[in-house]
Amino acid sequence: MSNTSKGWKRIRSEYGPDLKLFRARFDFMQNPRNDKTERMIVLESSDSVNVLARTPDEQLLFVRQYRFGIEEYTLEVPGGIVDPGESPATAAIRELREETGYTGEDPIPLGKIGSNPVFQDSWIYHYLIRNAHPTHALQLDDGEEVEVISLPLSDVQRMLHNGDFLHPHTVSALLRFFAHQEEKKNS
């Protein structure tokens with residue numbers, strides 16, 4: 001096992017291009033194992049939220065949307081970027097309303113994960129919103145096209161175990177959701 005107790009040391013940073021949702025930063029980091037300096041990429045970005053919206057009839061809301069990286073439509077929980085000065089909980093309410101037209105009870109935090117800790121500096125916050133019901137028209141950004149889909153909890157759990165969800169943030173959110181459901185049942 002290597003000794004990394006003294007930690008990585010940033011020698012300097014340089015900014016690269018602004019990539020719309022991200023800003024590239026190159027950190028020159030000294031490896032504590034061998035003292036060699038390597039240029040590492042960090043994508044700076046805003047935090048995001050994912051929303052597990054549960055309807056009164058025991059369904060979860062999803063959005064089907066095209067993902068350019070894999071050139072496929074994916075089935076995901078609603079979510080998006082936390083705006084500057086906005087709390088993640090407020091962003092969860094807003095994103096659910098904008099992407100699905102639904103609103104519900106106050107959001108319950110289910111935890112957070114790193115967006116992609118390999119090279120991103122942001123977090124994804126997961127929230128549960130219960131008693132979600134349609135109240136608004138969709139308010140999509142120009143680059144969005146979504147189809148709102150509701151699925152019974154039993155179907156969602158089966159689909160999760162079958163690997164039907166391609167987006168890792170959705171997988172993480174669903175694992176947190178089902179763990180929360182199990183904790184509630186056992187308490």
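**Exercise 1. Decide from its relative accessibility whether T74 counts as buried or exposed, and describe its surroundings.**

Solution. T74 has a relative accessibility of 3% and therefore counts as buried, where buried means under 20% relative accessible area, exposed means over 50%, and partly exposed covers the range in between, with a 1.4 Å probe and protein chains only. This value belongs to a predicted model, in which local features need pLDDT of at least 70 and side-chain atom pairs count only at pLDDT 80 or more, while totals for chains, interfaces and linings use all residues. Residues are numbered from 1 along each chain as its sequence is written, and side-chain values use heavy atoms, with hydrogens and water left out.

The next step is to place the residue: T74 lies in strand 6, residues 72–76, strands being DSSP runs of E with at least two residues and helices runs of H or I with at least four, both numbered from the N terminus. Leaving aside its neighbours within four places in sequence, T74 is in contact with V63, R64, Q65, R67 and L166, contact meaning heavy atoms within 4.5 Å. The side chains of T74 and E76 are joined by a polar contact of 2.5 Å; such a contact is a pair of N or O atoms within 3.5 Å, of which, within protein, one must be able to donate a hydrogen and the other to accept it, and residues adjacent in sequence count only if both atoms are side-chain atoms.

**Exercise 2. Determine in which sense strand 5 pairs with strand 6 and with strand 12.**

Solution. Strand 5 and strand 6 pair in the antiparallel sense over five bridges, given that two strands pair if DSSP finds at least two bridges between them. Within this pairing, E76 of strand 6 is the bridge partner of V63. The hairpin of strand 5 and strand 6 has four residues between the strands, and E71 takes a positive phi near 55 degrees there.

Turning to the other pairing, strand 5 (residues 59–67) and strand 12 (residues 146–152) are antiparallel over seven bridges, with L60 opposite L151 in strand 12.

**Exercise 3. Work out the strand order of the open sheet of four strands, and identify what lies across it.**

Solution. The order is 7-4-10-9, with mixed pairing. Strand 7 (79–81) and strand 9 (108–114) are the edge strands, each of which pairs on one side only, and the twist averages 20 degrees from one strand to the next. Strand 4 (residues 48–53) pairs with strand 10 (residues 123–129) in the parallel sense over six bridges, and A53 stands opposite I129 in strand 10.

Helix 3 (residues 168–186) lies across strand 4, strand 9 and strand 10, and runs at about 140 degrees to strand 9; axes are lines fitted to C-alpha atoms, for helices over the stretch in contact, and angles run from 0 to 180 degrees between N-to-C directions.

**Exercise 4. Classify L110 as buried or exposed, and list its contacts.**

Solution. L110, which is found in strand 9, has a relative accessible area of 11% and is therefore buried. Leaving aside its neighbours within four places in sequence, L110 is in contact with L52, H126, Y127, L128, R176, F177 and H180. As a further check on separation, L110 and N50 are 60 residues apart in sequence and 9.8 Å apart in space, C-alpha to C-alpha.

**Exercise 5. State how many helices and strands the protein has, and what share of its residues is buried.**

Solution. The protein has three helices and twelve strands, and of its 187 residues, 40% count as buried.
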